[in-house]
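Welcome! Please open the structure in your viewer and keep the sequence at hand, and we will walk through it step by step.

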Amino acid sequence: MKELGRINSLLINRFTAHGAYLALHDGGEVLLPKSYLPEDVETGTEIEVFVYTDSEDRPVAVTTPPVALLDEFAVMEAKEITKFGAFMDWGLMKDLFVPKSEMREDMVVGEKYLIRVCIDFKTNRLIGVNKYDDFLEEDTRGFEEGQEVEALVFAQSDLGYKALIEQAFEGLIYRNEVFESIELGQKVRAFVKKKREDGKIDLSLTPSGREKYEEGAEKILALLKVKKFLPLHDKSSPESIKELLGMSKKHFKQSIGQLYSAKLINIRQDGIELL
């Protein structure tokens, strides 16, 4: 069934007491349960649905998609662990099963893991795979230093935060360069800092050079327009600057220097104020 694991636009074939049967491309049908059936639809109406299998391995359609489709990654929380594998919360009534053989490590209930949605060709079911290394690419020639990317934060290490770039590359955000709160599963705006020989990419949450400080200046200015005054200055601790602005002390000093030169702020001994 080529619709399995994907978003499909299917036509209503017929109605039953349990919902509506939608026409599949191979001539078969899939049930859209009554709880997902929109009002005022009729035979021949086209509906966008996600197709998977229910707890009895019967094909079923739903109008609410999961956090990841077939061949996509997402960070999912482990809801139940058995000797055969783990059941992951992926946003549907039926949890996604990760077989023991597809675990990268022993999982713990309540912890979050990077999971790829795949098809088990032996059973024709959707399963989760935690061994993400098998799907990552190492040819980073398509990236340039300073390039902006969207990164999915999926794990922590001693060095920092592991992130997935474009569903295909692994990146690292160094812990000592993070000045804001980051959660596993969060998508962040990041910038390519360095391409490593092992195919991984070092990332930064702030752009490099002048653009970085212009962005910092805009952030401070926007906050000052609301608060009028910020109790931050040259003698402020790095911790207080990080807590209030989410940036390093060096970044802060460069940014307020730009604002002062543009005559947008006044720098006092006890802080900065909007002019």
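Two strands are said to pair if DSSP finds at least two bridges between them. With that in mind, here is a tour of this predicted model.

**Stop 1: a pair of strands.** Select strand 14 (residues 187-195) and strand 15 (residues 201-204): the two run antiparallel and are joined by four bridges. To see one of these partnerships, pick Lys194 and look across to its bridge partner in strand 15, Asp202. Five residues lie between the strands of this hairpin, and Gly199 has a positive phi near 90°.

**Stop 2: another partner.** Keep strand 14 and add strand 11 (residues 148-156); these two pair in the antiparallel sense over five bridges. Highlight Ala151, and you will find Val188 of strand 14 opposite.

**Stop 3: the largest nonpolar core.** Which residues touch the most other members of this core? Select Tyr52, Met76, Met88, Trp90, Met107, Ile115 and Leu126, which do so within a set of 23 residues. Among the elements giving two or more residues to this core are strand 4 (46-53), strand 6 (73-81) and strand 9 (112-120). Strand 9 provides the largest share, four residues.

**Stop 4: around Met88.** Now zoom in on Met88 and show its contacts. Leaving aside residues up to four places away in sequence, Met88 touches Met76, Glu77, Ala78, Asp95, Leu96, Val98, Met107, Tyr113 and Ile115.

**Stop 5: a second core.** Finally, select Val153, Ile165, Ala168 and Val188, which are included in a second, separate core of 18 residues. You have met Val188 before, opposite Ala151.

Methods: Residues are numbered from 1 along each chain as its sequence is written. This is a predicted model: local features need pLDDT of at least 70, side-chain atom pairs count only at pLDDT 80 or more; totals for chains, interfaces and linings use all residues. Side-chain values use heavy atoms; hydrogens and water are left out. A nonpolar core is a set of buried Ala, Val, Leu, Ile, Met, Phe, Trp, Tyr and Cys residues joined through side-chain atoms within 4.5 Å. Buried means under 20% relative accessible area, exposed over 50%, partly exposed in between (1.4 Å probe, protein chains only). Contact means heavy atoms within 4.5 Å.
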